[in-house]
Amino acid sequence: MSAINPPERLLMGPGPSTVPARVLRALGAPTVGHLDPYYLELMDETRGFLRTLFRTTNDMTLAVSGTGSAGMEASVVNLVERGDEVIVAIAGVFGGRMVDVASRAGATVHTIEAPWGETIEPAQVRDAFESHPAAKWLGIVHAETSTGAHQPLEEISRITHDAGALLLVDAVTSLGGVDLRVDDWAIDACYSGTQKCLSCPPGLSPLTFSPAALEAMDRRTTPVASWYLDVSMLRQYWGEARVYHHTAPINMTYALHEAARAVIEEGLDACHARHRFHHRALRAGLEAIGLEYIPSRSLPVLNAIKVPAGIDEAAVRKGLLSRHGIEIGAGLGPFKGVAWRVGLMGHTARERNVLTFLAALETELGCVSRDFAAGRAISAAAAVYRDGDSA
Ligand SMILES: *Cc1c(COP(=O)(O)O)cnc(C)c1O
């Protein structure tokens, strides 16, 4: 039997992103017990870090065991009792997944939709609450990783609260990558993941609930459908009582603690600015060779671009991976075969990765089509780097 020896990859897809050595070192630190005083202190500190990242003072801020989808499930099942009406916005894969999760939890789900690549308009939310005034919450994705679209939330939040409902936000790809303000934007349930802009391996889901969301849970008359994700029990472990519920993924907490610490050391605003800057360089390079962005409001952290006509998209991705060790994402759903998704998440968002990727992409495109002569993308990105961050 051979030992684990994964290939070296530059992860520029829709997640996971490249994990820095400091986070991997933390992950490999000796395991302690889940009730060890050292671990309990670490949990508290991690919760504090997560509050900083979410920009919230919410007491109920924790890391759910499981990936981003576990955070989605935890947010939904704790805020749904059989027969509850909810509204979910669909503008890609993850809005669709939320509909599935809420339906399985017993909710009657009303949907509003935007075409793939577009964002939900506030008027659609207003209309939905007029048609369904009993809806308990609106669920919406802040950064739709399947389309690269960046959903504005402030006005939608006001409309949702005016309708007396709660706001549930998927911030799996936005946390640490783009501005996200849980308190200022009055988000009641917000979940994320570790492997996108936090550059930590997958395995935990940062999650925060507002006091209003906790009150809604306290008013429940039926138990939460999921035992594992029941926040009333998780609170007992993450709070003062420290009652065993399930064994926490200790080493993943080490890794998340270190990943969050790295972002806080850099500064949240500086970290967002770094993502925007490298996105600008990447975009300049891609557009210089005629590649087009799909969404009108593009995320800096996920660049969804059209595959040029006549290009075999899978062959290019395969070349990038096998010859350059670079992973990018394929299109999903209606974007299958027609889009590439290039992630600039967390630790991945830096100059050498942007330049490495553009050089590799130009090389691969040059192999499949004579229309692409190498060098133009690199020059355009280099011009952005030469002019610097302030330009
Ligand atoms: C990745 C992602 C998820 C799911 O997270 P997993 O970690 O894959 O379970 C949910 N929502 C969005 C927007 C995502 O990008």
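# A tour from strand β14 outward

Begin by selecting G329, which stands opposite R341 in strand β14. What you have open is a predicted model, and this first stop lies on strand β13, which covers residues 329–330.

Now widen the selection to strand β14, residues 339–343, which pairs with β13 in the antiparallel sense over 2 bridges. Adding β11 (302–306) brings into view an open sheet of 3 strands, whose order is β11-β14-β13 and whose pairing is antiparallel. Which strands form the edges of this sheet? They are β11 and β13, each of which pairs on one side only. Strands of a sheet pair through backbone hydrogen bonds, so displaying the backbone is a sensible way to follow them here. Next, show helix α11, residues 313–324, which lies across β13 and β14 and runs at about 30° to β14.

**Aromatic rings**

Stay with the loop between β13 and β14 and select F335, then select W116 in the loop between β4 (108–113) and α5 (122–131); the pair links distant parts of the chain, 219 residues apart. The rings of W116 and F335 form an edge-to-face pair, with 5.3 Å from centre to centre and 75° between the planes. Are these two residues buried or partly exposed? F335 is buried, at a relative accessible area of 8%, whereas W116 is partly exposed, at 25%.

The structure has 3 aromatic pairs in the count, and another stop among them is Y237 with W238, whose ring centres are 6.4 Å apart and whose planes meet at 70°, so this pair too is edge-to-face. Both partners count as buried: Y237 has a relative accessible area of 2%, and W238 has 7%.

**Charged side chains**

Move to helix α10, residues 268–288, and select R283 together with E287, which are 4 residues apart and therefore separated by about one helical turn. The two form a salt bridge in which the closest N and O atoms are 2.9 Å apart. R283 is partly exposed, with a relative accessible area of 25%, and E287 counts as partly exposed as well, at 40%. Before leaving R283, add Y293 to the selection, since the charged end of R283 sits over the ring of Y293, 3.9 Å from its centre.

A search of the whole structure finds 20 salt bridges, and the next one to visit joins D44 and R242, whose side chains meet with an N to O distance of 2.9 Å. D44 is in helix α2 (residues 37–54) and R242 is in the loop between α8 (231–238) and α9 (250–266), so that selecting both shows distant parts of the chain linked across 198 residues. D44 counts as partly exposed at 37% relative accessibility, while R242 is buried at 19%.

From there, select K136 and D84, whose side chains meet in a salt bridge of 2.8 Å, N to O. K136 lies in the loop between α5 and β5 (137–141) and D84 in the loop between α3 (68–78) and β3 (85–90), so the pair ties together parts that are 52 residues apart in sequence. Of these partners, D84 counts as buried, at 18% relative accessibility.

For the last stop, select R55, D179, R181, D184 and D269 together, and you will have a network of residues linked by salt bridges.

Key:
Residues are numbered from 1 along each chain as its sequence is written. This is a predicted model: local features need pLDDT of at least 70, side-chain atom pairs count only at pLDDT 80 or more; totals for chains, interfaces and linings use all residues. Side-chain values use heavy atoms; hydrogens and water are left out. Two strands pair if DSSP finds at least two bridges between them. Contact means heavy atoms within 4.5 Å. Axes are lines fitted to C-alpha atoms, for helices over the stretch in contact, and angles run from 0 to 180 degrees between N-to-C directions. Rings of Phe, Tyr and Trp (its six-membered ring) pair if their centres lie within 6.5 Å; planes under 30 degrees apart count as stacked, over 60 as edge-to-face and the rest as tilted. Buried means under 20% relative accessible area, exposed over 50%, partly exposed in between (1.4 Å probe, protein chains only). A charge sits over a ring if NZ of Lys or CZ of Arg is within 6 Å of the ring centre and within 35 degrees of the ring normal. A salt bridge is a side-chain nitrogen of Lys or Arg within 4 Å of a carboxyl oxygen of Asp or Glu.
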